[in-house]
Amino acid sequence: MSSSPPIDIAIVGAGAAGILAAIYAARGGARVTILDATAKAGRKILISGGGRCNVLPGEFRADAFYSSGSANVLRRLFKTWPLAEVRSFFENELAVELVLEEESGKLFPKANRAKVIHQALMIALQEEGVELIKEWPVAEMISHPDGNFSLANNDGQWLEAKRVILAAGGMSVPKTGSNGSGYRLAKSLGHELIQPYPALVPLTTKPSIWTELSGLAQFVSWTATFNQKRLASGEGNFLFTHFGYSGPAALNCSHWFARQGCKIQVAWNAWDAEAWQELLSRAGNQTLMAVLSPHLPKRFVKTLLQYCELASDQNTSQLRKADRQRLLNALSNFELPIIGTRGFDYAEVTGGGIDLKQVDPSTLQSRRQPGLYFCGEILDVIGDIGGHNFLWAWVSGKLAGSQAARDLRPE
Ligand SMILES: Cc1cc2nc3c(=O)[nH]c(=O)nc-3n(C[C@H](O)[C@H](O)[C@H](O)COP(=O)(O)OP(=O)(O)OC[C@H]3O[C@@H](n4cnc5c(N)ncnc54)[C@H](O)[C@@H]3O)c2cc1C
């Protein structure tokens, strides 16, 4: 083990959460070292938002987050650093101007490049005197009776620290460094996991008439149900792909499917059965294609009618009752055929992880292991597409970092 004196705070993971934790721990007066497994810290920031980095949502919505922990606890956590202040941190302290993309409600750097956010954070780390050690995957962590910790990498190098912040992320896109090893470290110090699963992940289906629609996008509303119980709903753009479904709507509802294999029902165009019925009843002698195609892409109408075993040139006024009902169901309550997800390699986040019940929500310190803190995706909190996951990483990172530093200061 190391003979050098312990550093104040060791942070495992230089992702969004670990970087914010480091900045705020250093501002709190602590000597901070971040250990990252990869040669390039913050890789997820660089690939986020299609290389543009959707840093934050334009508006805070408590219902955009999901955790098995208490919704009140989550709300309280987000109140520790309100969205306007997080935005101000980026704009005024890091000098990165953010711009709202009106149609999506997402905030991006004005330069439209994730690199700008990454660079600004790296500069902030330097300015705060944080030591960043790359290619140092923490493989083992031991807590000592004096309250200190020893951390080891695969080469048998050891490092001592008075406090540790585990910010090692989940298992999504493991090539960025978050490969689930953080869970193993947490477990070795007495924590249990809520089974991790891929979330915000494209859904898969068998090759069918639907996969032939690959590339076609459509606005939808969706509902997730399990044993006839409605679990969640939402709306947004939905994309057919050669393997199944993607786009914000599919990614947001994927979490429910991945977690408990529920049904996902879709209303095309986000219209309910009454709206479609109204359209059909006003259609007179027009063909189904003529009635539906002003509202849905022709290619899609063709496939939907094929699925309903109806002809495109079928006269609407001569539709039999059972055919009309089948069509209305397919338009407004279509059960998506799903066989699975594309897994962790393609998931934007990991659901599950360290249960919020195992941390003190006012500090994010473990209730099981004094001196150990958690932040970011390793905790059982995920958000919808739209900057919510970074918001969680920034807010929880700041809280864990400042509290760990505060814990070290004499009263
Ligand atoms: C393709 C993609 C696009 C995304 N786009 C957006 C977006 O635009 N907006 C948004 O809000 N969210 C987005 N997300 C989600 C967002 O990137 C994550 O929620 C966020 O980065 C999580 O931050 P984190 O610091 O908790 O974990 P991570 O970013 O996963 O960082 C964890 C870090 O820990 C390190 N690490 C892991 N284990 C060890 C170990 N044993 N020892 C040392 N280091 C270790 C890893 O190398 C990594 O650097 C996207 C995700 C993906 C995959």
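**Figure 1. Long-range contacts across the whole chain.** Take the contacts in the protein chain between residues at least 6 apart in sequence: 74% of them join residues at least 24 apart. Keep in mind that this is a predicted model. The chain has 411 residues, and 44% of them count as buried. Its secondary structure comes to 12 helices and 23 strands. Along its principal axes, the C-alpha trace spans about 85 × 40 × 35 Å.

**Figure 2. Two domains and where they touch.** The protein chain splits into domain 1, made of 7-196 + 352-408, and domain 2, which covers 203-341. Between the C-alpha centres of domain 1 and domain 2 there are 39 Å. Contact between the two involves 4 residues of domain 1 and 4 residues of domain 2. What sort of residues does domain 1 put on the side that touches domain 2? That side has 3 nonpolar residues, 1 charged and no polar ones.

**Figure 3. The shell around the ligand.** Here we zoom in on the 38 residues that surround the ligand. The closest are Gly13, Gly15, Gly169, Gly177 and Gly376. Sorted by class, the shell holds 17 nonpolar, 17 polar and 4 charged residues. Four helices each supply at least two shell residues: H1 (16-27), H2 (43-47), H6 (181-188) and H12 (388-408). Which element gives the largest share of the shell? That would be H12, with 4 residues.

**Figure 4. Helix H1 and its surroundings.** H1 is one of the helices with at least two residues in the ligand shell, and this view shows what else is packed around it. H1 is mostly covered, with 11 of its 12 residues buried. The buried ones are Ala16, Ala17, Gly18, Ile19, Leu20, Ala21, Ala22, Ile23, Tyr24, Ala25 and Ala26. What does the covering? The elements over the buried residues of H1 include strands S1 (7-12), S2 (32-35) and S10 (158-166), together with helices H2, H5 (114-127) and H12. A quick geometry check also works out: at 1.5 Å a residue, the 12 residues of H1 should span 16 Å, and the end C-alpha atoms are 17 Å apart, which agrees. After H1 comes Gly29, whose phi is positive, near 100°.

**Figure 5. Leu125 in helix H5.** Leu125 is found in helix H5, an element that helps cover the buried residues of H1. Is Leu125 buried or exposed? Leu125 counts as buried because it has 21 C-beta neighbours inside 10 Å, where 20 or more are needed. Setting aside neighbours within four places in sequence, Leu125 is in contact with Ile19, Ala22, Ile23, Val130 and Leu132. Among these partners, Ile19, Ala22 and Ile23 are buried residues of H1. For a sense of scale, the C-alpha atoms of Leu125 and Glu235 are separated by 39 Å, and the two residues are 110 apart along the chain.

**Figure 6. A three-stranded open sheet.** This view picks out an open sheet of 3 strands in the order S3-S6-S5, paired antiparallel. The edges are S3 (56-57) and S5 (98-101), each pairing on one side only. S3 pairs with S6 (residues 106-109) in the antiparallel sense over 2 bridges. Pro57 has Lys106 in S6 as its bridge partner.

**Figure 7. Strand S16 and its pairing partners.** S16 (residues 263-268) is the strand that holds Trp268. How many of the 6 residues of S16 are buried? The count is 5, so S16 is largely enclosed by the rest of the structure. Strand S13 (residues 217-226) runs antiparallel to S16, and 6 bridges join them. In that pairing, Ala224 has Ile264 in S16 as its bridge partner. S16 also pairs with S17 (residues 334-335), again in the antiparallel sense, over 2 bridges. There, Gln265 stands opposite Glu335 in S17.

**Figure 8. Close-up on Trp268.** Trp268 is buried, with 23 other C-beta atoms within 10 Å. Which residues does Trp268 touch, not counting those up to four places away in sequence? They are Gln218, Val220, Leu296, Leu331 and Phe334. Phe238 is 30 residues away from Trp268 along the chain, and their C-alpha atoms are separated by 9.4 Å.

Methods:
Residues numbered from 1 in each chain as written. Predicted model: local features only at pLDDT ≥ 70, side-chain atom pairs only at ≥ 80, totals over all residues. Near = placed C-beta within 6 Å. Nonpolar A, V, L, I, M, F, W, Y, C, P; charged D, E, K, R; others polar. Domains from an automatic or database assignment. Contact = placed C-beta atoms within 7 Å. Pairing = 2+ DSSP bridges. Expected span 1.5 Å × (residues − 1).
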